[in-house]
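Below are my notes on the model, set out as numbered points. Please read them with the structure open.

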Amino acid sequence: MAPTRRLTGFQPTGRLHLGNLLGALRPLIAAQSAAESIALIADLHAMTVDHHPSEVRASALEQATLLLAAGVDPARTPIVLQSQVREHTELHYLLECVTGYGEAARMIQFKEKSAGGGPVRLSLLTYPVLMSADILLYDANQVPVGDDQSQHLELTRTLATRFNTRYGATFTVPEGIRPDAAARVMDMADPTSKMSKTSGTGRIALLDPPEVVRRTIARAVTDEFAVVRRDPERQPGITNLIGILAACTGQEPADQSSYGALKRQVTDAVEALLAPIRARHAELADDPAYVRKVLAESAELVRPTAATTVARARRAIGLLD
Ligand code: TRP
């Protein structure tokens, strides 16, 4: 059986939050010794919409800093900045040659993001093809994806299969892996939707100061039942708090009737998780040269695999070596 190669992709912008930590980062860190993992920061993604060059650069570095602070060990999990391995864009082009215009235009995320009526960059249309290149470049066979990215993963599988059928076996067809439902963190202010980078007051960012964390949890939406129990339908807020507690500490609520006590317990649990990340982040933020070195070494480490895949694809599709 082929070894497990897992690729976890992160958007380059938007501050990472508790949902990312429990849903994506912790599984990535837990799998570090069992699977060959790559953490990818998709900085080219940032340019699919109107952007400020200096912000894109700063966010890329900040995202890498946060991944390190959260415990990604670059000795075992390379942290790859998409733009620093040129093969991503080369494979992107080759894959565009097996993608239909209609196929790309049908992507839900493209339709949503282009619906505003403003100018739409061509790169926004082809972004899912770039994401496919990210995955296929490293022969990844496992890709953790949330609901919002499952259509893009399906496209990746379609393109890989189509390329293999037309031009000969070239790519590994990846499987999507769903984050554990228990690690699904909902928005504190609207517990029926997932915590996301666009959540407002209901989001706990990894670097939120303790008093902000406390306040966000204190204000979390609850209900009038006054019973601490899991009931996602009728008590989504309380269910979310119980789930966060369990995901952070493995503990169950100590008091079955007090929402105040539950919130204090959750606050302590989240704080225990975030305090070391905050401290480590402060150290790393003082040493950007180290973070850049990690990125450079990671790129170096994965480049041979990327180059081999591109060479295979170039040959298969009809280019001279
Ligand atoms: N498109 C993903 C998102 O918006 C990020 C991403 C880019 C990604 N390349 C990837 C995710 C490769 C998984 C695999 O969240």
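1. The largest cavity in this predicted model is lined by His45, Thr48, Gln109, Phe110, Lys113, Leu124, Tyr127, Pro128 and His152. Two elements, α5 (108-114) and α6 (122-137), give two or more residues each to this lining. The space inside comes to about 70 Å³. The count of cavities of 30 Å³ or more is 1. By residue type, the lining divides into 4 nonpolar, 4 polar and 1 charged. Lys113 is the charged residue, because Asp, Glu, Lys and Arg are the types counted as charged.

2. Now the aromatic rings. The count of aromatic pairs is 2. Phe163 and Tyr167 make an edge-to-face pair, with 5.2 Å from centre to centre and 65° between the planes. Why is this pair called edge-to-face? The term applies because planes over 60 degrees apart count as edge-to-face, and the angle here is 65°. Both residues belong to helix α7 (residues 150-167), where they are 4 residues apart and so separated by about one helical turn. Ring pairs also bring in Phe171, so that Phe163, Tyr167 and Phe171 are linked into a cluster.

3. Are the two residues of the edge-to-face pair buried or exposed? Phe163 is buried, at a relative accessible area of 0%. Tyr167 has 31% relative accessibility and counts as partly exposed.

4. Helix α7 also holds Glu154. With a relative accessibility of 45%, Glu154 is partly exposed. Glu154 and Glu175 are 21 residues apart along the chain, and their C-alpha atoms are separated by 8.9 Å.

5. Ile177 belongs to strand β5 (residues 175-177). Its relative accessible area is 24%, so Ile177 is partly exposed. Which residues does Ile177 contact, leaving aside its neighbours within four places in sequence? They are Arg6, Gln142, Val143, Pro144 and Val145. A separate C-alpha to C-alpha distance can be given for Ile177 and Phe10: 15 Å in space, for residues 167 apart in sequence.

6. Two residues deserve a look at their backbone angles. Asp139 has a phi near 50°, a positive value in a residue other than glycine. Asp139 lies in the loop between α6 and β4 (142-144). Ala226, also not a glycine, has a positive phi of about 55°. The loop that holds Ala226 is the one between α8 (210-218) and α9 (236-249). Ala226 is partly exposed, at 44% relative accessibility.

7. Arg229 and Phe225 form a charge-over-ring arrangement: the charged end of Arg229 sits over the ring of Phe225, at 5.7 Å from the ring centre. The distance part of the criterion is met, because the limit for CZ of Arg is 6 Å from the ring centre.

8. Arg229 appears again among the contacts of Ile238, a residue of helix α9. Leaving aside neighbours within four places in sequence, Ile238 is in contact with Thr222, Asp223, Val227, Val228, Arg229, Tyr259 and Leu262. One of these, Asp223, is 15 residues from Ile238 along the chain, with the C-alpha atoms separated by 7.7 Å. Ile238 counts as buried, at 0% relative accessibility.

9. Ser298 is in helix α11 (residues 288-317). Is Ser298 buried or exposed? It is buried, with a relative accessibility of 4%. This value falls in the buried class because that class covers anything under 20%. Outside its neighbours within four places in sequence, Ser298 is in contact with Pro78, Ile79 and Val80.

10. The last point concerns Ser59, which has its place in helix α2 (residues 53-70). Not counting residues up to four places away in sequence, Ser59 touches Pro12 and Thr13. As for Ser59 and Lys194, they are 135 residues apart in sequence, and the C-alpha to C-alpha distance between them is 23 Å.

How values were computed: Residues are numbered from 1 along each chain as its sequence is written. This is a predicted model: local features need pLDDT of at least 70, side-chain atom pairs count only at pLDDT 80 or more; totals for chains, interfaces and linings use all residues. Side-chain values use heavy atoms; hydrogens and water are left out. Rings of Phe, Tyr and Trp (its six-membered ring) pair if their centres lie within 6.5 Å; planes under 30 degrees apart count as stacked, over 60 as edge-to-face and the rest as tilted. Buried means under 20% relative accessible area, exposed over 50%, partly exposed in between (1.4 Å probe, protein chains only). A charge sits over a ring if NZ of Lys or CZ of Arg is within 6 Å of the ring centre and within 35 degrees of the ring normal. Contact means heavy atoms within 4.5 Å. On a 1 Å grid over the protein atoms alone, a cavity is a set of points where a 1.4 Å probe fits but cannot get out, and a pocket is an open set with protein on both sides within 12 Å along at least five of seven lines; lining residues have an atom within 4 Å of a point. Grid points are joined across faces, edges and corners, and a volume is the space filled by probe spheres set on the points.
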